[in-house]
Amino acid sequence: MKIYEKAPAKINLMLDVLHKRPDGYHEVEMIMTMVDLADRLEMSALPRDTIIISSQAGYIPLDEKNLAFQAAKLIKERYNVRSGVYIHLDKKIPVAAGLAGGSSDAAATLRGLNRLWGLNISGEELKKLGAELGSDVPFCVTGGTALATGRGEVLTPLPNPPQCWVVLAKLPINVSTAEVYGRYRNERIEKHPSAERMRAALESRSFPEVCRELGNVLESVTLHMHPEVAHLKETMLRLGADGVLMSGSGPTVFGLVSKEAKVSRIYNGLRGFCKEVYAVRLLT
Ligand SMILES: C[C@](O)(CO)[C@H](O)COP(=O)(O)OP(=O)(O)OC[C@H]1O[C@@H](n2ccc(N)nc2=O)[C@H](O)[C@@H]1O
Ligand SMILES: Nc1ncnc2c1ncn2[C@@H]1O[C@H](COP(=O)(O)OP(=O)(O)OP(=O)(O)O)[C@@H](O)[C@H]1O
């Protein structure tokens, strides 16, 4: 039997850091949603007690460093599963981009193996397992649109944003999430984004309000380290995007666009100097 799972990318519509916790993580307030840019996972049972990962992407680890491997190992150990699994990852989400590609693969593995091995693990339990793998994994287990607090694992579902186009652009820069959080300083932020106001914008289904409330305090770190990301944001706005923000710890920048007619202009304008550009829809 083969099981297929889609692992979509996430974007942060807002991200605020409240304070650093004694365990080293940061207490955050984020609103996240999914976009229709997804990895595809194919899982099949193996008679031998082993986990094998393959991928068409030459640039990700295929051993225990892979988050899908870690998810399979965790579920096998916790539920005492003796059979093995072969997982093929068809990667479409850019890696180390701030789009939670690895986290979404881990979440899709948890969902898929729950089905493959008939384990009947509840959604709540899957999210708890996910939290052991990474802060973004619990959100990726359920998807939709949610307010995430704690270190990202405490989730409150919210209405999806009004449907629109999302243009994503990633410069060839590597950004470490740990380094970005490590360099973050609250006192340098003049105006914090508001989860309450973004929530109100989503509840009133107002696209202009959603665009107005976009904000991510981690931009203060990543844009300082990589000024070309600020330039990318400005270019996207100039080309006509309705709202522009860096996702997560970056470096991917996304633009929300309501009118289809504008999308190809923005896409083509960005392709001039950025190789990785995608025009997708929200996953609503
Ligand atoms: C930037 C975001 O992607 C926004 O959605 C997340 O906050 C990070 O999620 P993630 O990549 O799943 O993060 P994890 O794998 O849990 O943590 C990577 C590193 O980021 C830092 N980290 C992460 C989450 C958090 N709330 N506070 C932190 O300080 C920690 O140094 C941690 O060692
Ligand atoms: N299945 C996977 N897909 C992509 N990267 C993976 C995977 N498993 C492990 N990695 C490693 O994880 C690191 C981060 O990759 P990932 O694409 O998840 O970053 P990200 O989009 O910035 O995540 P986040 O937004 O959650 O911080 C990379 O260095 C990569 O080698």
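A backbone N or O atom of A100 lies 2.9 Å from an oxygen atom of ligand 2, which is a good place to start looking around. The protein covers 79% of the 620 Å² of accessible area that ligand 2 has on its own (areas are Shrake-Rupley values with a 1.4 Å probe, and for residues only the protein chains shown count as cover). Keep in mind that this is a predicted model, where local features need pLDDT of at least 70 and side-chain atom pairs need 80 or more, while totals for chains, interfaces and linings use all residues. Residues are numbered from 1 along each chain as its sequence is written, chains are lettered from A and ligands numbered from 1 in the order they are written, and side-chain values use heavy atoms, leaving out hydrogens and water.

**Around ligand 2**

- Ligand 2 has 20 residues around it, and the closest are K91, A96, G102, D105 and D136 (a residue counts if one of its heavy atoms lies within 4 Å).
- The side chain of K91 brings an N or O atom to 2.9 Å from a nitrogen atom of ligand 2, and a backbone N or O atom of G98 is 2.9 Å from one of the ligand's oxygen atoms. For polar contacts the cut-off is a pair of N or O atoms within 3.5 Å; within protein, one must be able to donate a hydrogen and the other to accept it, and sequence-adjacent residues count only if both atoms are side-chain atoms.
- Helix α2 gives the most to the shell around ligand 2, with four residues. Helices are DSSP runs of H or I with at least four residues, strands are runs of E with at least two, and both are numbered from the N terminus.
- As for where it sits, ligand 2 is in the largest pocket. On a 1 Å grid over the protein atoms alone, a pocket is an open set of points with protein on both sides within 12 Å along at least five of seven lines, and a molecule sits in it if more than half of its atoms lie within 2 Å of its grid points.
- A96, one of the closest residues to ligand 2, is in the loop between β4 (84-90) and α2. A96 isn't a glycine, yet its phi is positive, near 50 degrees.
- A96 counts as partly exposed because its relative accessibility is 42% (under 20% is buried, over 50% is exposed and partly exposed is in between, with a 1.4 Å probe and protein chains only).

**Around ligand 1**

- Ligand 1 has 19 residues around it, of which K10, H26, S135, D136 and Y181 come nearest.
- An oxygen atom of ligand 1 is 2.6 Å from an N or O atom in the side chain of S135, and a polar backbone atom of R151 is 3.0 Å from a nitrogen atom of the ligand.
- Y181 joins in too, with a side-chain N or O atom 2.6 Å from an oxygen atom of ligand 1. On its own ligand 1 exposes 640 Å², and the protein buries 80% of that.
- The space that ligand 1 takes up is the largest pocket. The elements giving two or more residues to its shell are β1 (2-20), β2 (26-46) and α5 (177-183), and β2 gives the most, with four.

**Two residues of helix α2**

- T109 is part of helix α2, which spans residues 101-116. It counts as buried because its relative accessible area is 0%.
- Skipping neighbours within four places in sequence, T109 is in contact with L41, M43, A68, A71, A72 and I87 (contact means heavy atoms within 4.5 Å).
- R111 is in helix α2 as well, and it counts as buried because its relative accessibility is 19%.
- R111 and V141 are 30 residues apart along the chain, but their C-alpha atoms are separated by 7.2 Å. The side chain of R111 reaches the backbone oxygen of V141 at 3.2 Å.

**Strands β2 and β3**

- S54 is found in strand β3 (residues 51-55), and its side chain makes a polar contact with the side chain of Y86 at 2.7 Å.
- L46 lies in strand β2. Leaving aside neighbours within four places in sequence, L46 touches I52, S83, G84, V85 and Y86.

**Backbone oddities**

- G250 and P251 are joined by a cis peptide bond, with omega about 5 degrees. P251 belongs to the loop between β9 (243-246) and β10 (253-257).
- R205 has a positive phi of about 55 degrees although it isn't a glycine, and it is in the loop between α6 (195-203) and α7 (207-212).

Technical notes
On a 1 Å grid over the protein atoms alone, a cavity is a set of points where a 1.4 Å probe fits but cannot get out, and a pocket is an open set with protein on both sides within 12 Å along at least five of seven lines; lining residues have an atom within 4 Å of a point.
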